[in-house]
Amino acid sequence: MDSNKVPVEPKKRRIGVLTSGGDAPGMNGAVRAVVRMAIHCDCEAYAIFEGYEGLVNGGDMIRQMHWEDVRGYLSRGGTLIGSARCMTFRERPGRLRAAKNMILKGIDALVVCGGDGSLTGADVFRAEWPALLADLVKAGELTKEQVEPYKVLNIVGLVGSIDNDLSGTDATIGCYSSLTRICEAVDDVFDTAFSHQRGFVIEVMGRHCGWLALMAAISTGADWLFIPEMPPRTNRHDRGKRRTIVIVAEGAQDRQLNKISSDKIKDILTTRLGLDTRTTVLGHTQRGGAACAYDRWLSTLQGVEAVRAVLEMTPQSPSPVITIRENKIERTPLMDAVQLTKNVTDKINNKDFETAMTMRDAEFKEYYRAYLNTATPDHPKLYLPENKRMRIAIIHVGAPAGGMNQATRAAVNYCRTRGHTPLAIHNGFPGLCRHSEDTPVSSVREVTWLECDSWVNEGGSDIGTNRSLPGEDLETTAKCFERHQFDALFVIGGFEAFTAVSQLRKARAQYDAFKIPLVVLPATISNNVPGTEYSLGSDTCLNTLIEFCDAIRQSASSSRRRVFVIETQGGKSGYIATTAGLAVGAVAVYIPEQGVDIKTLSNDIDFLRDNFRRDKGANRAGKLILRNECASSTYTTQVIADIIKEEAKGRFESRAAVPGHFQQGGKPSPMDRVRALRMTIKCMQHIEEFAGKSRDAIAADKMSAAVIGIKGSQVLFGPMGGENGLEATETDWARRRPKDEFWLDLQETVDVLSGRSASRRNQETWGCYEST
Ligand code: ADP
């Protein structure tokens, strides 16, 4: 090598991406996003195959990735660029070889997707980097000039792990997919356990972290739970159920840190309770399969953010890891997150379980408590004093949505733990009013613990839901409130639920009956309730929709080149269409907020033509366009499909597909189930704040009519009324959606990652898009 020659810097910045440690669904989505975002930002993307192994071995294991190379990645499970546990990278000589390979390939930024081990390795590598370069020069492996442009190594971490074991982030890429798989399996076991009055002990993954086990127990209503963070204290008694389900994390242990195996639990159930018990170890099925909607969304947005972080880093900035808090993607110093995680393990090893629980993440302990309270019927110790106990009515308003039953069950159980009376109103406001006189049938019934137990995994609305509003007959509604002596109303539903509470709140001037706490828990697949960025049921709907899209796309891969125009629900809100578009990698998404016009269609047809031309054989698959049902009254789904077909002039064809009510059905996703529990408990606690207060004092407090919502990184209650209330400031009443829709920016990301925005840019520059 001629050391005097001025090194030629690569024309473009090169960003490497690798997946390491245990594989997790969603890793492919992250790789796709990093590759495409890097190319979009005028960088070159390189995949390092087999994790650190590829970095150490170099050569063909580090390969440039082009736009088309990651086509179809979103819907594939595992990691397509491979992962390995690499012992050589743990030692310095291994990392020396890795550094040399990176420089030879011209890469000075690395996005690492893996667990805490992988991220620790990445940080060690960055810290050592200057010394590694010096050694390489000293040993004559590289020249000073060669290393000169690569003085600084940028590392950005993405957490890919099914265990959700990294502190500092609410969710890791893969954890919700894994939870989905576990819940499907446990739901199935439930049926057989019920049929035979059997006990089942189900072992799930989680060597050091009980997140999967805890969330699975909540989502499926398991009777006992064993996790590493909180060994069991007591044995609980029989509760009259036909089946007994025990969920055990593989790392479960007792207070002396002795392993609690699933077989040991099985023996206890068999010998002590005389219960016919079976054991099921779910094993690697928990890792497999396609990523769920949330993991596709998370991995995509975090991958995009990782590239942004690479480009914004300075030599002084600590390596960041991309995290999520509630609904907000953030950056945290990587080593802080790793250190926090290690501290939790230390606390467990020191038998300080209480602190370990608190440190896991803010909500973990809360979830655990909520689980305990809902898993058993009697908690006299938690009862409020008599004068604070309330009669809390629960009602469903609007279309059914996943999570409604779970929220109702959680409300009933919470009421029972506190001594309140949970009253279910059947069939919404018309149901309430229909039985206003003393008829033998009452639409208002107290719900027992055992009765609502089976609602734990059921879709739809068991108590019945109705779109009609109380404004249709306020007087009868008020009478019914009085007759049943409601002290609070918990309303589960979508925009109608919001409107209903608005009407009741406004009618407080005429009717004292409405001067009680009125709380809305948003539940609608459209996710169009002011005051929140998330509604129960929207995640279930997205999962159903992406399953539909994946299947339809696959059907096209074996036939001719085909574009599917898929019509999504969502009313006048394009949330579902856009988020599903992000999760399936749609070519374009048409939403009411933007409308559809002939120019857009024409540009998109040019883009499709180009897209098909560049398709490689192996990656060939159908293309998807998602169109919200209200995107345009002229350009209907069928019309768009017909126009595309006509204009394609035989190069490809087009079909319309409408999943319709399929989107509202099915068992709720685990995310909707666990969030139903958590949000409901917050609602109940909010209602309790008004216990014992006078009606006028309640009416005077603007928080007495409120919506619970996720906003950015927080869960908040927003007041309905008042000058700054949601009704006045955040509601677009005519279009039945929030005024500012937080997700509108996602449109741009969908377009960037499909290549549509580049196509549009080029069309504007050259009149027509011609790719190279
Ligand atoms: P995970 O990333 O899922 O926690 P591991 O702990 O097995 O999985 O780590 C994956 C890989 O990361 C290891 O095989 C090794 O190559 C690398 N690695 C882990 N810890 C370190 C470390 N302290 N120093 C260097 N490399 C490490």
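Where is the place of N427? N427 is in the loop between strand 13 (421-425) and helix 14 (428-434). Helices here are DSSP runs of H or I with at least four residues, strands are runs of E with at least two, and both are numbered from the N terminus.

Before going on, a word on what you're looking at. This is a predicted model, with local features needing pLDDT of at least 70, side-chain atom pairs counting only at pLDDT 80 or more, and totals for chains, interfaces and linings using all residues. Residues are numbered from 1 along each chain as its sequence is written, and side-chain values use heavy atoms, with hydrogens and water left out.

**Confidence**

pLDDT is the predictor's confidence in each residue, on a scale from 0 to 100. The chain has a mean pLDDT of 91, with 94% of its residues at 70 or more. Residues 1-7 fall below 50, and that stretch has 5 contacts in the model beyond near neighbours in sequence; a contact means heavy atoms within 4.5 Å. Residues 766-772 also stay under 50, and there the model has 12 contacts beyond four places in sequence.

**Positive phi in the loops**

Back to N427: its phi is near 60°, a positive value in a residue other than glycine. N427 is partly exposed, at a relative accessible area of 36%. For the wording: buried is under 20% relative accessible area, exposed is over 50%, and partly exposed is in between, using a 1.4 Å probe and protein chains only.

K649 has a positive phi too, near 50°, and is likewise not a glycine. You'll find K649 in the loop between helix 21 (637-648) and strand 20 (653-657), where it is exposed with a relative accessible area of 65%.

**Strand 10 and its partners**

Strand 10 covers residues 320-325, and 5 of its 6 residues are buried. Two strands count as paired if DSSP finds at least two bridges between them. With strand 5 (residues 154-159), strand 10 pairs in the parallel sense over 2 bridges, and G157 has V321 as its bridge partner in strand 10. With strand 11 (residues 328-333), the pairing is antiparallel and runs over 6 bridges. R325 stands opposite K328 there. Strands 10 and 11 make a hairpin with 2 residues between them, and E326 in the turn has a positive phi of about 50°.

**Helix 20 and two asparagines**

Helix 20 spans residues 598-614, which is 17 residues, and reaches 25 Å from first to last C-alpha, close to the 24 Å expected at 1.5 Å a residue. That expected span is 1.5 Å times one less than the number of residues. Among the buried residues of helix 20 are L601, I605, F607, L608 and F612, along with the polar-named N603, D604, D610 and N611. N611 lies in helix 20 and counts as buried at 4% relative accessibility. Leaving aside neighbours within four places in sequence, N611 is in contact with R71, K623 and S754.

The other asparagine, N628, is in strand 19 (residues 623-628). N628 is buried, with a relative accessible area of 0%. Its side chain reaches the backbone oxygen of S573 at 3.0 Å and the backbone nitrogen of C630 at 2.5 Å. Such a polar contact is a pair of N or O atoms within 3.5 Å; within protein, one must be able to donate a hydrogen and the other to accept it, and residues adjacent in sequence count only if both atoms are side-chain atoms. Not counting residues up to four places away in sequence, N628 touches several residues, including T568, Q569, Y590 and P592.

**Aromatic pairs**

A search of the whole structure finds 16 aromatic pairs. Rings of Phe, Tyr and Trp (its six-membered ring) pair if their centres lie within 6.5 Å; planes under 30 degrees apart count as stacked, over 60 as edge-to-face and the rest as tilted. Here are two of the pairs.

| Pair | Centre to centre | Angle between planes | Type |
|---|---|---|---|
| F89 and F125 | 5.3 Å | 65° | edge-to-face |
| F481 and F514 | 5.1 Å | 85° | edge-to-face |

F89 lies in the loop between strand 3 (62-65) and helix 3 (92-104), while F125 lies in helix 4 (residues 116-138), so this pair ties together parts that are 36 residues apart in sequence. F89 counts as buried at 3% relative accessibility, and F125 does at 0%. Y52, F89, F125 and W129 form one aromatic cluster.

As for F481 and F514, F481 is in helix 16 (residues 474-483) and F514 is in the loop between helix 17 (495-506) and strand 16 (518-522), so the pair ties together parts that are 33 residues apart in sequence. F481 counts as buried at 1% relative accessibility, and F514 at 0%.
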